[in-house]
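Student: I would like a close look at a single part of this model. Please keep it brisk, and go residue by residue where that helps.

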Amino acid sequence: MMMPATTRHDADFGQAKPPKSLKGDKPLILIVEDEDAIVTLLDYNLRSAGYDTAIARDGEEAVDLALTLEPNAILLDWMLPLRSGLEVCRHLRRFPETNEVPIIMLTARGEEQDKLRGLDMGADDYLTKPFSPQELLARLRAVLRRAQPARLKEILVFADIQMDQGSHKVTRGEASIVLAPTEFRLLRHFMQYPGRVFSREQLLDSVWGREKDVEPRTVDVHIRRLRKALNAHSESDVIRTIREVGYALDLP
Ligand code: CA
């Protein structure tokens with residue numbers, strides 16, 4: 001059976017642009033689901049509730065659309081062609097464009113074990129089919145409320161450091177700073193919460209996306225690299241180490 005065409009913006013890859021979510025005033029929700037009846041139900045209810053929607057029918061398309069459209073939230077079916085919802089979730093948590101987008105997993109499975117696996121892979125919430133549209137909308141509102149408003153800001157500024165989230169460019173004073181993806185996410189997290197102290201475990205959760213196999217001391221390694229990149233021209237060190245506690249972005 002032919003599936004209806006879905007929106008694709010492959011040509012947009014790699015270009016500096018504001019996230020899609022900043023363009024319209026309606027929040028954009030990406031629906032990832034291969035069952036037509038459920039797609040229709042979700043699409044209708046979301047649009048009626050004032051959201052914009054995009055639809056992906058398999059796991060590959062889900063990743064493509066999530067990275068190009070940068071939706072405000074993703075409804076992600078568990079059982080999908082090409083890539084499972086679990087794999088999609090794990091994958092999206094590794095990219096700065098999508099590592100904080102709220103994800104609600106949808107599944108027919110109701111077992112506690114599966115729920116925990118989904119949450120471990122970085123899902124924010126979980127709905128077991130069949131669910132009522134009212135329940136879905138309530139959960140969606142909750143994850144959107146919890147999403148940090150700072151992530152919608154295009155340019156983050158702290159002291160003489162600027163981060164353009166659209167183009168992924170970082171500068172300190174006049175100098176351009178090149179960061180590896182993990183250091184970029186780490187700095188972005190600090191810049192979203194300037195002055196706040198984070199433990200290694202908190203940084204692992206927020207920056208590494210709950211990949212529990214990463215050891216806390218990995219954080220120290222990446223902090224060292226981030227410091228080196230930021231202080232390449234012997235500027236003052238803006239990353240404060242709080243002994244036995246963690247790290248903060250702070251003015252010396
Ligand atoms: Ca399915």
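Which residues in H8 meet which residues in H9?

Tutor: A caution to begin with: this is a predicted model. Now the contact. On the H8 side, the residues are Arg-200, Glu-201, Leu-203 and Leu-204. On the H9 side, they meet Pro-216, Val-219 and Asp-220. By class, the residues of this contact divide into four nonpolar, no polar and three charged.

Next, the geometry. H8 covers residues 200-207, and H9 covers residues 216-230. Their axes come within 9 Å and cross at roughly 80 degrees. Angles of 65 to 115 degrees count as roughly perpendicular. H8 and H9 are therefore roughly perpendicular to each other.

Now look at H8 alone. Its buried residues are Leu-203, Leu-204 and Val-207. Around the axis of H8 they cover an arc of only 105 degrees, which puts them on the same side of the helix. A general rule helps here: an α-helix has 3.6 residues a turn, so residues three or four places apart point the same way. Leu-203 and Leu-204 thus have two roles: both are buried, and both meet H9.

What covers that buried side? The cover includes helix H7 (181-192), strand E10 (198-199), H9 and E12. After H8 comes Gly-209, with a positive phi near 70 degrees.

E12 deserves a stop. The strand spans residues 246-249, and Gly-246 sits in it. Gly-246 has 1% relative accessibility, so it counts as buried. Its C-alpha lies 8.9 Å from that of Leu-203, although the two are 43 residues apart in sequence. Leave aside the neighbours within four places in sequence. Gly-246 is then in contact with Phe-198, Ser-199, Arg-200, Arg-240 and Thr-241. Arg-200 therefore turns up twice: it belongs to the H8 side of the contact with H9, and it touches Gly-246 under a cut-off of 4.5 Å between heavy atoms.

Just ahead of E12 is a backbone point to check. Glu-244 lies in the loop between strand E11 (239-242) and E12. Its phi is positive, about 70 degrees, although Glu-244 is not a glycine. In general, most residues other than glycine have a negative phi. Glu-244 has a relative accessible area of 76%, so it is exposed. Gly-246, in contrast, is buried.

For comparison, take Leu-82, in the loop between E3 and H4. Leu-82 also has a positive phi of about 70 degrees without being a glycine. With a relative accessible area of 64%, Leu-82 is exposed.

H4 gives a second example of a helix with a buried face. Its buried residues are Gly-85, Leu-86, Val-88, Cys-89 and Leu-92. Down the axis of H4 they fall within an arc of 160 degrees, so they line one face of the helix.

The loop between E3 and H4 also holds Met-79. Met-79 (O) is one of the protein donors of the calcium ion, with Asp-34 (OD) and Asp-77 (OD). These donors lie 2.1 to 2.3 Å from the ion. Asp-34 is in the loop between strand E1 (28-32) and helix H2 (36-48), 45 residues from Met-79. At 26% relative accessibility, Asp-34 counts as partly exposed.

Notes
Residues numbered from 1 in each chain as written. Predicted model: local features only at pLDDT ≥ 70, side-chain atom pairs only at ≥ 80, totals over all residues. Heavy atoms only, no water. Axes fitted to C-alpha atoms, helices over the stretch in contact; angles between N-to-C directions. Helix = DSSP H or I, 4+ residues; strand = E, 2+ residues; numbered from the N terminus. Parallel < 35°, antiparallel > 145°, perpendicular 65-115°, else oblique. Nonpolar A, V, L, I, M, F, W, Y, C, P; charged D, E, K, R; others polar. Donors = N, O, S within 2.8 Å, 3.2 Å for Na, K, Ca; no water. Buried < 20%, exposed > 50% of the residue type's maximum accessible area, 1.4 Å probe, protein only. Arc of directions from axis to C-beta.
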